[in-house]
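User: I would like the reasoning behind some labels used for this model. Please set each value against its cut-off.

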2 protein chains.
Amino acid sequence: MILKSQVEWALHCCAILSGLPEGRYLSTKALAELHGLPKEYLSKALQSLSQAGLVLTTLGPSGGYRLAKAPSELTFLEIVEAVEGSGRTFVCNNIRANNPCRPQGYCESGPCAIARIMWEADEAWRAKLRSVTLADLGEILAQDIPADIWNGTFEWVLKRAG
Amino acid sequence: MILKSQVEWALHCCAILSGLPEGRYLSTKALAELHGLPKEYLSKALQSLSQAGLVLTTLGPSGGYRLAKAPSELTFLEIVEAVEGSGRTFVCNNIRANNPCRPQGYCESGPCAIARIMWEADEAWRAKLRSVTLADLGEILAQDIPADIWNGTFEWVLKRAG
DNA sequence: CGAAATAAGGATAACACATATCCTTAATCT
DNA sequence: AGATTAAGGATATGTGTTATCCTTATTTCG
Ligand code: SF4
Ligand code: SF4
């Protein structure tokens, strides 16, 4: 059970976009080049973010993407679910219904304990991702990344932002 | 990102095995029939449990599986990881290494903030599954399931247990 | 001892999904 | 008008899950 690589791509792109000045846009081409990713396929991930309403777009030269909200209002969970979907990791195929011992026509009432416990684990995963915003990420990255690389990347981005 | 259906199968089988009297074994055939599952494929899930040391086996007629530990010592996490593997859901492809702005030969020190946050979410999921044992499940099931079905299934199992 | 039953595991096919590329369309900017 | 861009349809390609079949070694029982 592995997340799509598009999740990693989307998180990285959002991290870059969160450093973009108000009103500027960054194109798929620039984001793909910065991360060394196939432009056409990365485009699908960005389209997912767009459909989820997390980013705004403009067309034409100087077009591209920018965040639709403040970084402090954008959680990891929103980004992950935009790309990966919001379904549960444990799907119940109701195999208890095949039990030959149960009376004919007996109908189970709701999910059993196994499913409920697995879903609680899913919810713990979601809760953690919901608790971290892009602003939180930015603070940690600013401490982790050497200043010269951080500034160099920022310059590189601004030179290409429309 | 969806767990294998074998995870559901393994959990159901362990729930049944936890009700088995000391020293008795239940065969793949019986477990497959009870849950309405393909015997040969369910066998692969049981083999995973066996390889992980969670169940013990014997060969020959009256052979089959029983738990290797007390239900109170067997956690959901062990069962899930036996079947699904213990890898992380977020795999880092180190795409930051493709950043054209970083100096030549610059070597990142360890995983970045994005990966660490995603892995913390994984750990929250694991922590929840680690906190629930088969004994806990048994208590909840005993309350959820009508007594006649519970007893009928138990009889059915004992009739087939070696 | 011989026959039946069982776990273990190798080989292989069918299927679903992730990954990747290509192309068209409509909108926007210069 | 021409260049650039997001959006999205169509279509391969690869990978992992699901499923079946068959062989082997071991155990039980008549
Ligand atoms: S997990 Fe629970 S609800 Fe799902 S099939 Fe098993 S018994 Fe039914
Ligand atoms: S998640 Fe972090 S460690 Fe992984 S590729 Fe992205 S920057 Fe690198």
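Analyst: The model is predicted, and the answers below deal with one helix and one DNA strand.

User: What makes the span of helix α5 of chain A close to the expected one?

Analyst: Helix α5(A), residues 113-130, has 18 residues and reaches 25 Å from its first C-alpha to its last. The expected span at 1.5 Å a residue is 26 Å, taken as 1.5 Å times one less than the number of residues. The two values are therefore close.

User: Why are A:Trp119 and A:Asp122 called buried?

Analyst: Both are among the buried residues of α5(A), which also include A:Ile114, A:Trp125 and A:Leu129. The label means under 20% relative accessible area, counting protein chains only. The cover over the buried residues includes α4 (76-84) of chain A and, from chain B, α1, α4, α5 and α6.

User: Why does the pair between A:Lys44 and DNA strand D count as a polar contact?

Analyst: A polar side-chain atom of A:Lys44 lies 2.8 Å from a base oxygen of the strand. The limit for a pair of N or O atoms is 3.5 Å, so the pair qualifies. A:Gln47 has a polar side-chain atom 3.2 Å from a base nitrogen. For A:Thr28, a backbone N or O atom lies 3.0 Å from a phosphate oxygen.

User: What makes up the surface near DNA strand D?

Analyst: Its residues divide into eight nonpolar, 13 polar and four charged. The largest share, four residues, comes from α3(A). Elements that each supply at least two residues include β1 and β2 of chain A and α1 of chain B.

Conventions. Residues are numbered from 1 along each chain as its sequence is written. Chains are lettered from A and ligands numbered from 1 in the order in which they are written. This is a predicted model: local features need pLDDT of at least 70, side-chain atom pairs count only at pLDDT 80 or more; totals for chains, interfaces and linings use all residues. Side-chain values use heavy atoms; hydrogens and water are left out. Buried means under 20% relative accessible area, exposed over 50%, partly exposed in between (1.4 Å probe, protein chains only). Contact means heavy atoms within 4.5 Å. A polar contact is a pair of N or O atoms within 3.5 Å; within protein, one must be able to donate a hydrogen and the other to accept it, and residues adjacent in sequence count only if both atoms are side-chain atoms. Ala, Val, Leu, Ile, Met, Phe, Trp, Tyr, Cys and Pro count as nonpolar, Asp, Glu, Lys and Arg as charged, and the others, Gly among them, as polar.
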